[in-house]
Amino acid sequence: MQIIILPDAQAIGEWAADHIARRLAAGRLQVLGVATGSSPLPAYDALARRIDGTGAEGSAEGGAPAVSREALETLTAFALDEYVGIEPDRPESYHAVIREEVTEKLGLDPSRVHVPEGAAEDLEAACRHYEQLIADAGGVDLQILGIGATGHLGFNEPSSSFSSRTRVKTLAPQTRRDNARFFSSEDEVPLHCVTQGLGTIMDAGELLLIAYGEHKAEAVARAVEGPLTSMCPASIIQWHHDAVVLLDEAAASKL
Ligand code: GLP
């Protein structure tokens with residue numbers, strides 16, 4: 001695991017965008033795993049600025065290539081999770097967040113962008129179908145991750161099995177409190193979600209975990225230096241063969 005400490009969220013976003021741009025230019029990124037939450041937003045924004053060299057001088061610092069529209073149009077993307085029972089057109093849904101922050105910003109082909117179907121009638125079938133879609137796409141090449149205060153990845157809350165696949169989970173009370181800001185009240189936050197499993201996430205060729213801010217320091221320390229335990233689901237990244245953790249100094253302050 002590589003831990004890279006950068007000055008701030010913007011620098012993290014630039015680093016991530018450089019990395020993704022290089023992989024795209026080298027033809028080593030066909031399937032991108034995308035995450036919701038605020039952590040990856042600077043990376044999506046920085047990537048959008050590189051499209052066809054629309055950013056400064058058409059290439060990033062250090063000579064990272066600009067991103068071609070064609071490479072993005074043929075990119076397939078899979079999101080990690082979705083709330084159960086929230087229709088995809090509701091603004092609180094992760095479908096809506098991914099549409100706005102990823103698909104539209106990056107000019108991806110909407111038919112290639114997948115989000116778990118949390119509003120499906122048969123959730124188990126929808127979960128199986130999602131796993132099949134990922135497998136049919138040849139697996140995720142690079143998975144972007146945030147980390148929750150509970151140490152969750154996606155919505156894999158403490159006690160999630162390390163070998164889990166896409167399934168329905170119950171949200172931890174802490175996560176419902178943390179995400180209440182996107183709803184009119186905490187009571188409106190669904191109790192359940194559909195999330196890729198830790199086993200699904202671990203199948204990705206590379207993991208890119210992004211965290212910044214003091215409020216992430218504890219979860220980051222447990223994930224990166226703590227014991228490998230399902231009580232801190234993110235600790236599983238220690239076992240991944242190609243994981244990069246991008247932090248600012250505040251998020252790294254308890255390492
Ligand atoms: C949500 C998402 C996670 C994300 C987490 C952290 O709960 N399901 O995938 O990592 O929020 O969000 P933020 O980046 O806003 O702190």
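## Strand 2 and its partners

In this predicted model, strand 2 (residues 31–34) runs parallel to strand 6 (residues 142–145), and two bridges join them. Within this pair, Gly-33 lies opposite Gln-143 of strand 6. Strand 2 also pairs with strand 3 (residues 76–79), again in the parallel sense, over four bridges. Here Val-31 of strand 2 has Thr-76 of strand 3 opposite to it. Strands of a sheet pair through backbone hydrogen bonds, in either a parallel or an antiparallel manner.

In a regular strand, the side chains alternate between the two faces of the sheet. Strand 2 shows Val-31 and Gly-33 pointing one way, while Leu-32 and Val-34 point the other way. Every one of these, Val-31, Leu-32, Gly-33 and Val-34, is buried.

## The sheet as a whole

Strands 2, 3 and 6 belong to an open sheet of seven strands, with the order 1-10-9-6-2-3-5 and parallel pairing. The edges are formed by strand 1 (2–6) and strand 5 (113–114), each of which has a single partner strand, so one side of each is left without a neighbour in the sheet.

## Helix 2

Helix 2 covers residues 41–49, and its buried residues are Pro-42, Ala-43, Tyr-44, Ala-46 and Leu-47. The elements that cover these buried residues include helix 1 (9–25), helix 4 (94–106), strand 6 and strand 9 (206–211). Strand 6 therefore appears in two roles: it is joined to strand 2 by two bridges, and it is among the elements covering helix 2.

## Helix 5

Helix 5 (residues 123–136) contains 14 residues. From its first C-alpha to its last it reaches 20 Å, close to the 20 Å expected at 1.5 Å a residue.

The buried residues of helix 5 are Cys-127, Tyr-130 and Ile-134. Viewed down the helix axis, the buried residues fall within an arc of 55 degrees, so they line one face of helix 5. On the other side of the helix, Glu-124, Ala-125, Gln-132, Ala-135 and Asp-136 are exposed. The cover over the buried residues of helix 5 includes strand 3, strand 7 (167–170), strand 8 (192–195) and helix 7 (198–202). Helix 5 is followed by Gly-138, which has a positive phi, near 90 degrees.

## The ligand surroundings

The ligand is surrounded by 14 residues, of which the closest are Gly-37, Ser-38, Ser-39, Gly-146 and Gly-148. Sorted by class, the shell around the ligand has four nonpolar, nine polar and one charged residues.

Key: Residues are numbered from 1 along each chain as its sequence is written. This is a predicted model: local features need pLDDT of at least 70, side-chain atom pairs count only at pLDDT 80 or more; totals for chains, interfaces and linings use all residues. Two strands pair if DSSP finds at least two bridges between them. A residue is near a molecule or strand if its C-beta atom, placed from the backbone, lies within 6 Å of it. Ala, Val, Leu, Ile, Met, Phe, Trp, Tyr, Cys and Pro count as nonpolar, Asp, Glu, Lys and Arg as charged, and the others, Gly among them, as polar. A residue is buried if 20 or more other C-beta atoms lie within 10 Å of its own, exposed if 12 or fewer, and partly exposed in between; C-beta atoms are placed from the backbone. Two residues are in contact if their C-beta atoms, placed from the backbone, lie within 7 Å. The expected span of a helix is 1.5 Å times one less than its number of residues. The arc is that of the directions from the helix axis to the C-beta atoms.
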